[in-house]
Amino acid sequence: MNVVKSILTKTNFSKDDIIRLLKANEDEKQIIFKKAFNIKEKYCKNKVYLRALIEVSNICKKDCFYCGIRKSNPKTVRYEIPIQKIKDLIGFAYANNYSSVVLQSGENAGKGFCKKITEALMYTKQINRQTGITLSCGEQTTDTYQQWFDAGAERYLLRIETSNRELYHKIHPVDTKHCFERRIEALKTIKKIGYQTGTGVMIGLPFQTVEDLAADLLFMQNLDIDMCGMGPYIEHNDTPLYRYHEMLEPVQQRAGQTLLMIALLRIMMKDINIAATTALHTIDKKNITQAIYCGANIIMPNITPLKYRENYFLYKNKHSVNSVDYHLENLKNELNNIDHIIDYQSLGNSIHYLRKLK
Ligand code: 5AD
C-alpha cells in the first residue's frame, strides 16, 4: 500500500508520520483531502458557520516582527471604533442572521478598552442571548478574561503563532511583553476559565521547517483545543521580518501548505471548529471553498466599516470575505458546488467542546 494511505489508517500520528504527510505529492494530497472531507461530513455535517468579524481596534502594545499593526509602525493610522458603532455593527450582524460575532483587536490592555469590550458583550446578550461571541484580543490578565467570560463571551482565540520556542523568539522581540511561556500560560488560563479555546499558527514563516509544522499540529492536539484559525504568513513591507522575504516560498505554496495543515488537523481532531482564514482568502479567494473542502467549517465575513478596515492592515493586500449580499450569494453558490450549505440557525459551537462538557 502507498505509504500515505497506510499512515492514514492509523488512529494516532507520530511526528514522523505527520512530517511524511506534510511532504505529500499532488496525488497523495488528494487522498488526504478526501479523507479530511469525509471526516468533516461525518462529525460536522456539510455545514458552514458564519462569524461576522468586527476589527474593533488596531491599537497594539506589541511589536511582533511580522505584523503591520505593530506598535512601532508609524504608518499605521490608529483607531478604536466607538462603542455605539460597535453596538450598531452587532445589531447589523444579528439583523442579517449571523448567529455569531467575532470581536478582534490589537493587544490593548487599557482599562477603558477592557470596559468597552465588556459593554459590547453585555449589549449583545441583551439584544439576543443566542448570539455567540468569540473574542480575539490577545493576552490579557486573568481578571479581564474572567470579566469578559462573565459578560457572555464563550469563545477565545489566541494564536500561538508557532509552537517552536526558538522560532517564536525570532519573530518577536525578546522581552517580557513577547514571552512564549506567558502565551502558553494565557492559553491555559482561557481554557481553565471555561472558554471554547482556539489557537493557530502562521504557515510559511522564514526559518520555519516541516518539522515545526508537524510539531504545531501535535501542540494543538495536546492542548486539546476546540477551535483553530491558521493561515499563510504574508509579508508586509513595513515590518522587520520583511528583510527575509527573498527566502520565502511563493505565496501559492504557502497557501497550499495551509490547506494541507487544515486537512491534517481535521483528521487528527475530528470535531473541532476550523476557520478558513482571511490570509488564505487574500492569496486567492478560491482558497475559501478549497479550505472548506479540506476540512474547515467556519467562514468569517468582515463587517468592519471600510474606513476602519483599511487601517487593520496586518499584511500585504489583506482582503477578506465581504459581508455584502452579493459576495455571500457567490459564496453560497460555490459552497453548493461542494454540497455544503451555510447554517444560519445554529450557533456553531465547537462540537468537541460540547462533547467534553458531557
Ligand atoms: N501574515 C499572516 N498573518 C499575520 N498575522 C499578523 N501578521 C501577519 C502576517 N504578516 C496574524 C497573526 C495574528 C492574527 C491576528 O493575524 O497570526 O495572531
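This report describes the surroundings of the ligand and then turns to three individual residues.

The structure is a predicted model, and every value below was computed from it.

**The ligand and its shell**

The ligand is surrounded by Tyr66, Cys67, Arg159, Glu161, Met202, Pro232, Tyr233, Ile234, Leu314 and Tyr315. When the residues of this shell are divided by kind, eight are nonpolar and two are charged, while none is counted as polar. The space that the ligand takes up is the largest cavity.

Some atoms of the ligand can be paired with particular atoms of the protein, and the table lists three such pairs.

| Ligand atom | Protein partner | Distance |
|---|---|---|
| nitrogen | polar backbone atom of tyrosine 66 | 2.9 Å |
| oxygen | N or O atom in the side chain of arginine 159 | 2.8 Å |
| nitrogen | polar backbone atom of isoleucine 234 | 2.7 Å |

Taken alone, the ligand would expose 400 Å², and the protein buries 88% of that area. In the pairs with tyrosine 66 and isoleucine 234, the protein atom belongs to the backbone, whereas arginine 159 takes part through an N or O atom of its side chain.

**Glutamate 161, a member of the shell**

Glutamate 161, which is one of the residues around the ligand, is found in the loop between β5 (155-157) and α7 (165-170). Is glutamate 161 buried or exposed? Its relative accessibility is 11%, and because buried means under 20%, glutamate 161 counts as buried. The backbone of glutamate 161 also deserves a look, since this residue has a positive phi of about 75° although it is not a glycine.

**Asparagine 317, another positive phi**

A positive phi is found in asparagine 317 as well, where the value is near 55° in a residue that is, again, other than glycine. Asparagine 317 has its place in the loop between α13 (306-309) and α14 (325-337). With a relative accessible area of 56%, asparagine 317 is exposed, because the term applies to values over 50%. Both glutamate 161 and asparagine 317 therefore lie in loops, but glutamate 161 is buried and asparagine 317 is exposed.

**Arginine 254, a helix residue**

Arginine 254 is placed in helix α10, which covers residues 251-268. At 4% relative accessibility, arginine 254 counts as buried. Its C-alpha atom is separated by 7.4 Å from that of tyrosine 233, although the two residues are 21 residues apart along the chain. Tyrosine 233 is itself among the residues that surround the ligand.

Note on methods. Residues are numbered from 1 along each chain as its sequence is written. This is a predicted model: local features need pLDDT of at least 70, side-chain atom pairs count only at pLDDT 80 or more; totals for chains, interfaces and linings use all residues. Side-chain values use heavy atoms; hydrogens and water are left out. A residue is near a molecule or strand if one of its heavy atoms lies within 4 Å of it. A polar contact is a pair of N or O atoms within 3.5 Å; within protein, one must be able to donate a hydrogen and the other to accept it, and residues adjacent in sequence count only if both atoms are side-chain atoms. Accessible areas come from the Shrake-Rupley method with a 1.4 Å probe; for residues, only the protein chains shown count as cover. On a 1 Å grid over the protein atoms alone, a cavity is a set of points where a 1.4 Å probe fits but cannot get out, and a pocket is an open set with protein on both sides within 12 Å along at least five of seven lines; lining residues have an atom within 4 Å of a point. A molecule sits in a cavity or pocket if more than half of its atoms lie within 2 Å of its grid points. Ala, Val, Leu, Ile, Met, Phe, Trp, Tyr, Cys and Pro count as nonpolar, Asp, Glu, Lys and Arg as charged, and the others, Gly among them, as polar. Helices (H or I, at least four residues) and strands (E, at least two) are DSSP runs, numbered from the N terminus. Buried means under 20% relative accessible area, exposed over 50%, partly exposed in between (1.4 Å probe, protein chains only).
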